[in-house]
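Hi everyone, thanks for making the time. I'd like to walk you through one structure, loop by loop and strand by strand.

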Amino acid sequence: MAIQDNRSHNDHYRRLTFASFLKSDSLDAGEEAYHTDGEHNHRDNKDAISTNSDSQRPSNASTSDSSSPIYPLSPWNQTYYPHNDNTSAFPSTNQSPWNQSCSPYHKSPWIYQTRNSDFEDDPDNGLVGTIVRQEGHVYSLAASGDLLFTGSDSKNIRVWKDLKDFSGFKSTSGFVKAIVITGDNRVFTGHQDGKIRVWRGSKRNPERYSRVGSLPTLKEFLTKSVNPKNYVETRRRKNKLKIRHFDAVSCLSVNEDLGLIYSGSWDKTLKVWRLSDSKCLESIEAHDDAVNTVVVGFDDLVFTGSADGTLKVWKRELQGKETKHVLVHVLMKQESAVTALAVNLNDAVVYCGSSDGSVNFWERKKYLTHGGTIHGHRMAVLCLTSAGSLLLSGGADKNICVWRRNGDGTHTCLSVLMDHDGPVKCLTAVEEAEDEVDDGDKADKRWIVYSGSLDKSVKVWRVTDYAS
């Protein structure tokens, strides 16, 4: 374990124009290349605490200044702090009297960020802290109450409570690409090896999680395997059981009201499972290319996005004693891959992120109507999450854009969070308890946002829908 501390220098602070910001990308050529989903670059599983000078410099979580007559409201109008790779100028951490084996920091991968000066007047918005574990890049997140679950390419699922390492469990193969949690304390994880594993926390020992099954169950797998009609041809002269994914499980979404869980895979299929008995109800040839994202929507609708550039809408219908999902609409077909989806259930809006950096959205009126396009990223949008009237988008440009949906259906960029050193792969948000203000009215909603990145870190943010 090593403690790193890069001191901030005022001579590195500078404000760049948008054009200069784009040109500065050439400076990053020497930075570490973060591998994609298809690449594996396992590192030593050692914990490291990294402050990255966040305790000394202003946070990169910058906000748009609508009162400025010079810079219009844009996610690019913020101070940029260039990355400093030259560590030779800094004294070795081995000389520090605190860099000793008896230091309590060696026992925990968590370190709190000190309050950044940019947010001293606004304590409800900004970076709360950073966790860095040398276990691999973070590909999936899920939050339930005060617990945070993180999945990485080290095959580990870590559990955090009150911002501390609480528990963890490990699968035998396939790094973790998706996590969802149900109300009965079950955790479903989708893996690169095409399997969906099911875990449950112990009632006697909450820190202990054990594997309780998989999708499909072994019983169903053996029952279906004896019937040739249950097989589908995947490659030339090679058949697979159609109730089981034969490629990476890229996404999961759960509808607890209906007792269903949906899984999307690079095998181009969407599968529907029943939560009560883990039975596969449907296997749908959903797209012509890999299914990248699935999300449960409103009005019994399910949305899927694919590398084939399409966004499809599926509706659950009753057919006798069984249910079936039918394709009712193709909302979009484009050259760029659909990479992320999110749904605002209160306003009945679905958001779609693409590899070209754009976010399109549709509103439920009489029909699903295209409401517009949001531009805030220079590279692919990799993840989306909805939190009340807010939409958060994470991109390959290492930024997180915070958008607010206004009453007239337009969207305002409230801030851009810029502390990650790698592409932002996953986002999730949970609501904080509402506080009472002095005049008796309830304050605006506050959200805790977790972001996982290919820089092997998870960052924790606090945002409100009034930040500007």
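Let's begin with N185, which sits in the loop between strand 11 (176-181) and strand 12 (186-191). When I say helix or strand, I mean DSSP runs numbered from the N terminus, with H or I over at least four residues for helices and E over at least two for strands. N185 is not a glycine, and yet its phi is positive, about 70°. Is N185 buried or exposed? Neither quite: its relative accessibility is 33%, so N185 counts as partly exposed. The cut-offs there are under 20% relative accessible area for buried and over 50% for exposed, with partly exposed in between, using a 1.4 Å probe and protein chains only.

Before I go on, a word on where this comes from. This is a predicted model, where local features need pLDDT of at least 70 and side-chain atom pairs count only at pLDDT 80 or more, while totals for chains, interfaces and linings use all residues. Residues are numbered from 1 along each chain as its sequence is written, and side-chain values use heavy atoms, with hydrogens and water left out.

Now the overall picture. The protein has two helices and 35 strands. Of its 468 residues, 52% are buried. Taking contacts with a separation of 6 or more, 49% are between residues 24 or more positions apart, where contact means heavy atoms within 4.5 Å.

Back to backbone angles, because D300 is worth a look too: phi of D300 is positive, near 60°, in a residue other than glycine. You'll find D300 in the loop between strand 21 and strand 22, and its relative accessible area of 36% makes it partly exposed. There is also a cis peptide bond between L215 and P216, with omega about 0°. P216 belongs to the loop between strand 14 (209-215) and helix 2 (218-225).

On to strand pairing, which here takes at least two DSSP bridges between two strands. Strands 21-22-23-24, in that order, make an open sheet of four strands with antiparallel pairing. Strand 21 (291-296) and strand 24 (322-333) are at the edges with a single partner strand each, so one side of each has no neighbour in the sheet. Inside that sheet, five bridges link strand 22 (residues 301-306) and strand 23 (residues 310-319), and G305 has L311 as its bridge partner in strand 23.

Next, a hairpin. Strand 19 and strand 20 form it with five residues between them, and S278 in the turn has a positive phi of about 60°. The two strands, residues 269-274 and residues 280-285, run antiparallel and are joined by five bridges. One pairing to look for is V272 with E282 in strand 20.

Strand 20 also takes us to a pocket. The second largest pocket has a volume of about 500 Å³. Of the 21 residues lining it, the closest to its centre are K279, C280, L281, E282 and E322. Helix 2, strand 20, strand 23 and strand 24 each give two or more residues to that lining. Which element gives the largest share? Strand 20 does, with five residues. By class, the lining has six nonpolar, five polar and 10 charged residues.For the method-minded, a pocket is an open set of points on a 1 Å grid over the protein atoms alone, where a 1.4 Å probe fits, with protein on both sides within 12 Å along at least five of seven lines, and lining residues have an atom within 4 Å of a point. Grid points are joined across faces, edges and corners, and the volume is the space filled by probe spheres set on them. Ala, Val, Leu, Ile, Met, Phe, Trp, Tyr, Cys and Pro count as nonpolar, Asp, Glu, Lys and Arg as charged, and the others, Gly among them, as polar.
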